[in-house]
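Colleague: I would like us to take a close look at one part of this model together, slowly enough for a first-year student to follow. Please take the place where the two chains meet as the centre, and then show what lies around it.

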Amino acid sequence: MRQAVKEHLLLSYRRPLSSAASLDSIYDVAIIGGGMVGSALACALGRSPVTEELRVLVVDKVPLPEISAPGADPPELRVSTLTPASVRLFEESGAWDSMAPPRSAAFRHMQVWDHGGNGCVRYSAATVGLPVMGYVAENRVIQAALGQTLRSRRSVVDYVSPASLQTLTLPAYAPDLHSGMQSNELAEIGLDSGQTVRARLVVGADGSRSRVRELADLRTFSWSYHQRGIVATVRTQHPNDTAWQRFLRTGPLALLPVRGSYSNVVWSTSVAEAGRLQALTPQAFALEVNQALQGGCMPARNPLLPGASSDSFIPPPTVYAADGAASQQSFPLALLGSGRYVRPRLALVGDAAHVVHPLAGQGVNLGFADVGQLAAALAHAVETGRDIGDLGLLQEMYEAPRQSENARMMTALDSLKRVFAPQDGLLASLRGLGLDLLNGSGVIKRQIMRYAMGVA
Amino acid sequence: MSMGAALSSSRGVHTSRRTHDVPQPSAAGTSAAAAQGPAGQSMDAQEVAKFEAMASEWWDPDGPNGALHTMNPLRTQFARDAICLAHGREARTVQPLRDLSVLDVGCGGGLFSEALARLGADVTGVDTSATAISVAATHAQADPAVASRTHYQNATAEQLQQQGAHFDAVVASEVIEHVSNVPEFCASLVALTRPGGSIVVSTINRTNRSYAVAIVGAEQIMGLLPKGTHQWERFITPEELQEHIERAGAERIGDSGMVMNPFTGHWTFSADKAVNYIMSFRKPAEQQRNP
Ligand SMILES: Cc1cc2nc3c(=O)[nH]c(=O)nc-3n(C[C@H](O)[C@H](O)[C@H](O)COP(=O)(O)OP(=O)(O)OC[C@H]3O[C@@H](n4cnc5c(N)ncnc54)[C@H](O)[C@@H]3O)c2cc1C
């Protein structure tokens with residue numbers, strides 16, 4: 001039986017859907033989008049003995065990558081910071097071992113300073129009694145580890161790809177009407193292969209341009225930062241264990257350790273500047289990064305705050321072009337949120353529900369926190385005989401806690417972004433002072449840090 | 001709402017989860033154990049009429065039965081644990097009630113029945129309201145896994161007893177307070193249970209507090225319920241319930257108060273049994289009675 005299960009999984013996993021073996025006609029959970037967040041949910045359902053038996057379907061346009069040996073090759077451009085809370089989710093789901101160092105890199109410090117030399121904050125994991133502040137892993141590594149875990153799960157997870165969602169039928173829902181009996185019809189999804197399956201719960205994990213969200217008619221709010229982010233892989237002379245972030249006049253630049261001596265640059269800047277930076281050779285780009293990190297004024301003693309923070313400043317490493325790495329790319333920066341995360345028989349997770357500015361590396365971690373919460377809600381439902389697609393369940397045990405948490409983070413990141421928005425003069429020195437105050441006040445600083453680490 | 005323990009007794013007393021909810025004037029409970037036919041002698045025909053109007057609103061969580069929706073997970077947990085204890089099963093597993101037959105007396109629209117069916121039980125739901133039974137049967141159809149494990153009948157406990165039916169467990173939730181002959185009703189619950197099986201009853205206590213909460217609060221001040229939904233004199237204390245069931249031949253396993261936080265609508269178990277409570281019993285196995 002177990003053998004048959006695995007074969008079926010591999011079959012549907014490897015082959016295009018049109019030739020895949022028959023899908024079940026009813027699934028407990030149908031996850032649309034097997035990106036990092038969707039795959040993490042499929043894995044997390046294996047964490048509890050009661051949700052492990054749920055019949056799960058994952059649909060994605062692209063297959064999950066295969067796991068590979070810890071690489072010596074340059075890492076891929078897309079990387080994610082993993083907070084200790086996300087790491088815990090992976091440990092509980094059994095996926096952590098395949099993405100732990102040396103496949104990823106730990107960082108123990110975080111240093112944030114600005115271009116005007118007005119302030120610097122340095123955070124260390126040791127300050128809060130933790131061994132690390134977090135990890136940085138390539139998205140591909142995270143996905144491959146999750147795929148490996150899915151394949152080794154005892155019960156059936158059908159992963160179909162390449163396949164994409166075309167239609168979605170949800171039970172009738174009129175929140176404003178006291179319509180008496182609420183429909184509890186199962187949801188139905190239609191794939192591009194023409195196949196349809198029914199599900200007790202559909203999860204939209206299909207990213208920021210979620211088709212699920214659109215088909216479910218959920219409204220969103222969003223605004224553009226009129227900026228683009230440049231991502232690039234660079235090399236440092238020595239392996240680095242600090243996440244560096246500097247607020248430049250044009251926006252923040254982050255340098256994150258990836259693995260070995262590789263680091264990842266995420267540089268948010270104006271659209272025009274991004275265009276210029278993207279066109280540079282890797283060597284010329286590395287020079288620009290060094291200038292951005294080391295130019296301007298280094299933090300000096302702030303006359304308004306004697307003895308505050310400047311003494312904790314450590315100069316960032318020099319970066320070099322990473323031979324053989326993909327050249328730098330850029331993407332638009334925006335904030336987006338879905339007004340609601342749930343409908344009867346529907347839940348949105350990850351970027352489908354919320355997209356934040358990448359400056360604190362929180363994006364995907366908010367999605368992983370969604371996953372932990374939703375998986376716990378489903379476990380509770382199974383144990384108490386509740387319908388896992390019940391709106392009340394999804395509202396109370398998933399949407400309410402996650403929406404307030406995500407809104408808190410979105411507001412925090414957005415205001416931080418605005419404080420550090422490109423400008424000179426008074427505001428710049430004010431924010432320098434702000435950083436110093438932050439560094440001086442241990443309590444606030446520890447709270448912010450624990451929050452960023454997902455342990456608050 | 002300033003009541004300390006928010007009430008709810010399904011077939012009638014409904015607190016709404018949100019205190020500002022405007023009650024629907026037409027709201028009325030459904031029959032539960034009220035009988036229409038001559039066989040339901042212990043049932044009160046007036047009760048049937050009072051509740052019939054509400055049947056279609058069984059499944060609206062914001063409707064008059066909102067409190068039942070929010071209480072459902074808690075009473076399901078209690079019943080699951082009691083039934084598992086009596087049958088020597090682990091409770092926190094997938095479908096812990098798999099293959100056990102359960103009778104839900106006064107099943108109404110099927111809230112409790114569906115939850116028990118999802119836990120794996122093969123559930124028979126009976127109610128004296130034909131409307132409630134058709135609501136329950138219709139609702140179950142949407143999910144084949146639920147439909148295949150629920151069977152609804154427009155009948156009374158007494159009628160099933162006359163047919164000689166037996167179940168591994170019998171539950172009667174928020175119904176006994178609407179029954180006119182309580183000792184007879186309790187005797188049928190026990191008679192319908194197989195030796196070694198369990199019985200779970202939840203209801204509303206007869207105390208000054210329950211009077212304040214269910215009658216004065218919900219019916220008179222808040223207008224949540226039409227006046228006359230409940231007759232406080234019919235409420236049963238835990239001691240009385242225990243006495244009736246034990247006299248009929250089953251022994252008490254355990255009990256708990258259930259209280260609702262009026263602000264969150266969230267129900268929790270409590271030592272406080274002054275308003276809502278739930279109690280479980282076990283019918284001794286055959287060999288113990290006839291050694
Ligand atoms: C350049 C950049 C840098 C970032 N850096 C960080 C960082 O350092 N730290 C961090 O935490 N976050 C970071 N983020 C954010 C992070 O990448 C996202 O939060 C994360 O990818 C969201 O994961 P997801 O699974 O929700 O969505 P996605 O990764 O977008 O996955 C969606 C999946 O759904 C599939 N799909 C889409 N539509 C359909 C359909 N119709 N049918 C079937 N399948 C479909 C797609 O193929 C894809 O696999 C960064 C983002 C960017 C752009």
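Colleague: How much area is buried between chain B and chain A, and what percentage of it do carbon and sulfur atoms give?

Modeller: Please keep in mind throughout that this is a predicted model. Between chain B and chain A about 2,000 Å² is buried, and carbon and sulfur atoms give 53% of that area. Three residues of chain B, namely B:Val94, B:Arg118 and B:Ala142, together supply 25% of the area that chain B buries against chain A, which is more than any other three residues supply. Counted by residues, the interface brings 26 residues of chain B into contact with 21 residues of chain A.

We can now turn to the charged and polar pairs. Side chains of opposite charge can pair when their charged atoms come close. Between chain B and chain A there are 3 salt bridges, and in a salt bridge between A:Arg200 and B:Asp143 the nitrogen-to-oxygen distance is 2.5 Å. Polar contacts across this interface are found for 5 residue pairs, with both residues at pLDDT 80 or more. On the side of chain B that touches chain A, at least two residues come from each of helix H2 (66-86), helix H3 (111-118), helix H4 (130-141) and helix H5 (144-147) of chain B. The largest share of that side belongs to H2(B), with 4 residues. Sorted by class, the residues on the side of chain B that touches chain A are 10 nonpolar, 7 polar and 9 charged.

Salt bridges are also found within chain A, and over all chains the count comes to 24. One of them joins A:Asp158 and A:Arg55, whose closest N and O atoms are 3.7 Å apart. Because A:Asp158 lies in strand S8 of chain A, while A:Arg55 lies in the loop between H2 and strand S2 (56-59) of chain A, the pair ties together parts that are 103 residues apart in sequence.

Strand S8 (157-160) of chain A also leads to a backbone feature, since the loop between this strand and strand S9 (165-169) holds A:Pro162. The peptide bond from A:Ser161 to A:Pro162 is cis, with omega near -5 degrees. A second cis peptide bond runs from A:Pro101 to A:Pro102, with omega near 10 degrees, and A:Pro102 is placed in the loop between helix H3 (84-93) and strand S4 (105-107) of chain A. Most residues other than glycine have a negative phi, and most peptide bonds are trans. A:Asp217 has a positive phi, near 65 degrees, and this residue is in the loop between helix H5 (211-215) and strand S12 (220-236) of chain A.

Last comes the ligand, which is surrounded by 28 residues, the closest being A:Asp60, A:Arg78, A:Phe331, A:Asp351 and A:Val364. A polar side-chain atom of A:Asp60 is 2.6 Å from an oxygen atom of the ligand, and a polar backbone atom of A:Val364 lies 2.8 Å from a ligand oxygen atom. Taken alone, the ligand exposes 1,000 Å², and the protein buries 84% of this. Helix H2 (36-44), strand S3 (79-82) and helix H8 (363-383) of chain A are the elements that give two or more residues to the shell around the ligand. By class, this shell has 11 nonpolar, 11 polar and 6 charged residues.

Technical notes:
Residues numbered from 1 in each chain as written. Chains lettered and ligands numbered in written order. Predicted model: local features only at pLDDT ≥ 70, side-chain atom pairs only at ≥ 80, totals over all residues. Heavy atoms only, no water. Near = heavy atom within 4 Å. Polar contact = N/O pair within 3.5 Å; in protein donor to acceptor, adjacent residues only side chain to side chain. Areas by Shrake-Rupley, 256 points an atom, 1.4 Å probe, with all protein chains shown as cover. Nonpolar A, V, L, I, M, F, W, Y, C, P; charged D, E, K, R; others polar. Contact = heavy atoms within 4.5 Å. Buried area = accessible area lost by both parts, 1.4 Å probe. Salt bridge = Lys/Arg side-chain N within 4 Å of Asp/Glu carboxyl O.
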